[in-house]
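The following exercises concern one protein chain with its ligand. Please attempt each task before reading its solution.

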Amino acid sequence: KKSRSNNRWDLEAIRGVRAELSCARAKNKGLYDDFLDFAVEKLHQHVQEISKLPIQDEFSNMVALDGVSLTKNCAYESAKIRIFRAASIDAGNALQVLNLAICARPEYDLPIFCTDFVSTASRNIIVLDLNPLHNIEQNPEYKEKYFSELLPMANKYAQILPWGDKLTAESIQFFSPIVIWSRPHQREDIQNKVFPAFQDYLEAWLQMVDIAQPTTNPEQISKNQEAHHRYLMWRATKDPGRNMLARLYGEQLCERYISEFMFNGVNTLGTKGFLDYFPEYNMSDGSISKQRSVLGRSYEQRPWDSSGHFNPVL
Ligand code: BLA
C-alpha cells in the first residue's frame with residue numbers, strides 16, 4: 001500500500017516537473033533565469049556607479065562543443081564591488097547552472113556572495129553563502145560583524161533546505177555559519193524554497209554593502225586582497241564544476257574561462273601559488289595533487305549549531 005502511494009506521488013512529481021519545464025521552454029527560460037534577473041535588478045537598485053566589465057563581451061555567450069548547451073555570462077563593477085559575475089548554463093533538462101560570485105574591492109572586508117546551483121535531470125546541488133573573507137573561528141569579531149544577526153534567517157532556511165550530507169572537507173573553511181548546502185529532491189523546491197533563500201541572502205549582503213566603509217589602512221587592504229586571492233586560487237584550482245566545464249568547452253577555453261572570468265583575480269590579485277596557500281596538496285615531485293580533496297568527504301551533518309558555533313559531529 002505504501003509503495004503505491006509513493007508511486008502515485010512520484011508520478012505527480014514527474015508531471016509537475018514536465019509542466020514546469022515545458023512552461024520554461026515555451027518562454028525559452030532556464031531554471032535559474034529569474035534568479036539572475038532578480039540579482040541584476042537588485043544590484044542596480046542598491047549600488048551606485050555600476051558599469052559592465054569589458055570581460056563580459058568576450059565571454060558573454062558561449063556555445064558548448066555539443067552545439068546546444070549555452071552559457072550566458074555577465075559581469076559588472078561598481079565603486080565598492082570589484083566584480084559581480086554570473087555564469088548561467090542552459091543545457092536543457094540535462095543541466096541547469098547558476099554560478100554567481102560577488103567580490104568587494106580590497107578596501108572592504110565584506111564576505112563574498114556565492115551561489116553554486118546545479119540541477120541535472122536527477123539531482124539538485126545547492127550552495128548559497130556569504131563566504132567569509134577571514135577565518136571565522138580565528139576572528140570572532142569578524143563573525144560578530146557580519147554573521148551573528150543573520151543566524152535567525154539561516155536557521156529558518158536550514159530547516160527548509162536540510163544539510164546535503166558529506167562534502168569536500170576543505171570547503172568548510174570557506175563557508176560561513178549561515179551557509180546553505182542542500183540537495184533538494186524536487187525541481188519545484190528550486191522555485192519554492194531556493195528562490196526565497198536566494199532573495200533573502202542577496203538582500204542581506206547588499207545591505208552590508210550599503211553601510212560598508214572603506215579602510216585606508218594599507219595593511220588591512222593587503223590582508224583583504226590576499227584573502228580574496230587565496231579564495232580564488234582554491235576555487236580556480238579545485239572547483240567541482242571544472243570537469244564539466246572542460247567537457248563543455250574543451251581544455252583550452254575552459255582554462256581561460258576559469259582564470260579570466262569565473263575566478264577573475266586569480267592571476268592579478270597576488271603572486272602566491274596554490275601550494276603556498278595549500279601546501280597539503282604538495283606531491284613529492286613538487287607538483288599539485290590532482291585530487292580534488294586530500295581530506296576526503298566529511299561533515300555528515302551541519303557542523304554549526306543554531307548559535308553559529310562550529311561544533312561538528314565527526
Ligand atoms: C558540487 N559544488 C558542489 C559541491 C560543493 C560545491 C560543496 C558538493 C561536492 C563537494 O563536496 O565538493 C560548491 N565548493 C563549492 C563552493 C565552494 C566550494 C561554492 O569549496 C566555495 C569555496 N559547479 C559550477 C559549475 C558547474 C558546477 C559551472 O560552478 C558545472 C558546469 C558543477 N558542482 C558541480 C557539479 C557538482 C558540484 C557537477 C557535483 C560534483 C560532485 O558531486 O563531485
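**Exercise 1.** Does Arg256 count as buried, partly exposed or exposed?

*Solution.* The model is a predicted one. Step one is to take the relative accessibility of Arg256, which is 34%. Step two is to apply the cut-offs: buried means under 20%, and exposed means over 50%. Arg256 therefore counts as partly exposed.

**Exercise 2.** Identify the salt-bridge partner of Arg256 in helix H8 and describe how the two residues are placed.

*Solution.* The side chains of Arg256 and Glu260 meet in a salt bridge, with 3.3 Å from N to O. Both residues belong to helix H8 (residues 242-262); because they are four residues apart there, about one helical turn separates them. Glu260 has a relative accessibility of 29% and so counts as partly exposed. The pair also belongs to a network of salt bridges that links Glu58, Arg256 and Glu260.

**Exercise 3.** Determine whether Asp116 takes part in a salt bridge, and then examine the residue of opposite charge nearest to Asp116.

*Solution.* First, locate Asp116: its place is in strand S6 (residues 112-120). Second, consider its surroundings: Asp116 is buried, and the nearest side chain of opposite charge, Arg235, is 5.1 Å away. A salt bridge requires a nitrogen-to-oxygen distance within 4 Å, so this separation does not qualify. Asp116 has no salt bridge.

Third, turn to Arg235, which is found in helix H7 (residues 218-238). Arg235 is buried, with a relative accessible area of 8%. Its side chain meets that of Asp239 in a salt bridge of 3.2 Å, N to O. Asp239 is buried as well, because its relative accessible area is 7%.

**Exercise 4.** State which residues come nearest to the ligand, and give the polar distances for Asn99, Asp116 and Arg292.

*Solution.* Of the 26 residues around the ligand, those that come nearest are Asn99, Asp116, Thr168, Ser171 and Arg292. The distances are then read one by one:

- Asn99 places a polar side-chain atom 2.3 Å from an oxygen atom of the ligand.
- Asp116 places a polar side-chain atom 2.8 Å from a nitrogen atom of the ligand.
- Arg292 places a polar side-chain atom 2.4 Å from an oxygen atom of the ligand.

Taken alone, the ligand exposes 850 Å², of which the protein buries 93%. Finally, Asn99 connects this site with the preceding exercise: Asn99 is among the contacts of Asp116, and Arg235 is also in contact with Asn99.

Definitions and conventions. Residues are numbered from 1 along each chain as its sequence is written. This is a predicted model: local features need pLDDT of at least 70, side-chain atom pairs count only at pLDDT 80 or more; totals for chains, interfaces and linings use all residues. Side-chain values use heavy atoms; hydrogens and water are left out. Buried means under 20% relative accessible area, exposed over 50%, partly exposed in between (1.4 Å probe, protein chains only). Lys and Arg count as positive and Asp and Glu as negative; His and the chain ends are not counted. Contact means heavy atoms within 4.5 Å. A residue is near a molecule or strand if one of its heavy atoms lies within 4 Å of it. A polar contact is a pair of N or O atoms within 3.5 Å; within protein, one must be able to donate a hydrogen and the other to accept it, and residues adjacent in sequence count only if both atoms are side-chain atoms. Accessible areas come from the Shrake-Rupley method with a 1.4 Å probe; for residues, only the protein chains shown count as cover. Lists of a residue's contacts leave out its neighbours within four places in sequence.
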